[in-house]
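Hi,

Here's the structure I promised to pass along. Have a look, and my notes on what turned up are underneath.

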Amino acid sequence: MFRRTSRAIRRAAVCAAALAATALAVGTAAALPHAPWSDPEPVAAERASAPRAEALAAAAGSGPRTLSLLGRKSNGRLYDYEPNGTGGVKPAVDLGGGFADATALVQAGHSENGTGTDLYFRMGKTLYYTAERGNETKVVGGGWDIYNLMMSAGNLGGTAHDDLIGRDAAGDLWLYQGKADGMLAARIRIGTGWNSMDVLTGRGDYTGDGKPDLIARSTTGTLYIYSGTGNATTDAVLGTRVTVGTTWGTTAYKTLVSVGDSNGDGKADLIGVDPAGALWLFKGTGNASAPFEARTQIGTSGWAAFNTLF
């Protein structure tokens, strides 16, 4: 039996497919393709497994939360890679299709007192939310097409739930604090000038001060860690930034993503996909002056097939 997150995302996929079909009927969306794809790892059939809470507890120990690595291919299908507890991932679970027209996909934790793994996705101008436990995908609101980048770095604002971050066309970065029901509080500006960044990620504390941080890569290939303050105050959500290195551009890594503590040592990690499609783990140290160990390969090929990893 699939774990609960799989069922939640399957519900969202049904909703997404229905939304795409409705849009197609009025001439505003393209048909969803159904071509087969090969996968970086063998796709697991529906299988018996430990309950999700037990599996993730084994992977994360007593440290920060660990999420599954989710990926979308251009045909709209989502795949779920659960952590294996040592830094790698288990074989993929196919979560279904319907997400080809989603222009943003974000994992966040609101349900289960902040421990659930829930899904936000944007179709057109509308943002939707599906809880890990629950029977519906619901509308968060309209007008979300103003953001050209959306993500969650966990709980930056100091509440019990993960936050949502959006960057607008002017380069302003905005924080929406999450609520238990998946709805969002009024936005707070994080800062300006963020159009110089092409990747935003992070899920946990990378600097060792006990507060979640934000990782950003500039369009010139420099990687930064912005220390979180834990304060949901305009232009004060983030503090001093740390330069990790200057060779993190697209020629080295097509994308960068974090799912928290991948290897179970209690420290948040970073994952990168190189242009050849190999997957790399950068183990976190919790030391701001040297936040990552040397990279370790955790996937051999095929990961470039995903147009979104989150």
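β5 contributes the most to the lining of the largest pocket, at 6 residues. Bear in mind that this is a predicted model. The pocket has a volume of about 670 Å³. Its lining runs to 31 residues, with Met-150, Leu-200, Thr-308, Leu-309 and Phe-310 the closest to the centre. Besides β5 (102–108), the elements giving two or more residues are β9 (147–151), β13 (197–201), β17 (255–257) and β21 (306–309). If you're thinking about chemistry, the lining splits into 15 nonpolar, 10 polar and 6 charged residues.

Leu-200 turns up again in the largest nonpolar core, which has 17 residues; Leu-200 is among those with the most contacts inside it, as are Ile-165, Trp-194, Leu-214, Tyr-226 and Leu-238. β9, β11 (173–177), β13, β14 (214–218) and β15 (223–228) each give two or more residues to this core. Apart from it there's another core, of 16 residues, including Tyr-79, Val-89, Val-259 and Phe-306.

Now the rings: I get 18 aromatic pairs. One of them, Tyr-81 with Trp-303, is tilted, at 4.5 Å centre to centre and 50° between the planes. Tyr-81 sits in strand β3 and Trp-303 in the loop between β20 and β21, so this pair ties together parts 222 residues apart in sequence. Both are buried, Tyr-81 at 0% relative accessible area and Trp-303 at 1%. Phe-99 and Phe-121 make an edge-to-face pair, with centres 5.4 Å apart and planes at 85°. There's also one aromatic cluster, formed by Tyr-206, Trp-248, Tyr-253, Phe-282 and Phe-292.

Cheers

Technical notes
Residues numbered from 1 in each chain as written. Predicted model: local features only at pLDDT ≥ 70, side-chain atom pairs only at ≥ 80, totals over all residues. Heavy atoms only, no water. 1 Å grid on protein atoms, 1.4 Å probe; cavity = no way out; pocket = protein on both sides within 12 Å on 5 of 7 lines; lining within 4 Å. Points joined across faces, edges and corners; volume = space filled by probe spheres on them. Helix = DSSP H or I, 4+ residues; strand = E, 2+ residues; numbered from the N terminus. Nonpolar A, V, L, I, M, F, W, Y, C, P; charged D, E, K, R; others polar. Core = buried A, V, L, I, M, F, W, Y, C linked by side-chain atoms within 4.5 Å. Buried < 20%, exposed > 50% of the residue type's maximum accessible area, 1.4 Å probe, protein only. Phe/Tyr/Trp six-rings, centres within 6.5 Å; stacked < 30°, edge-to-face > 60°.
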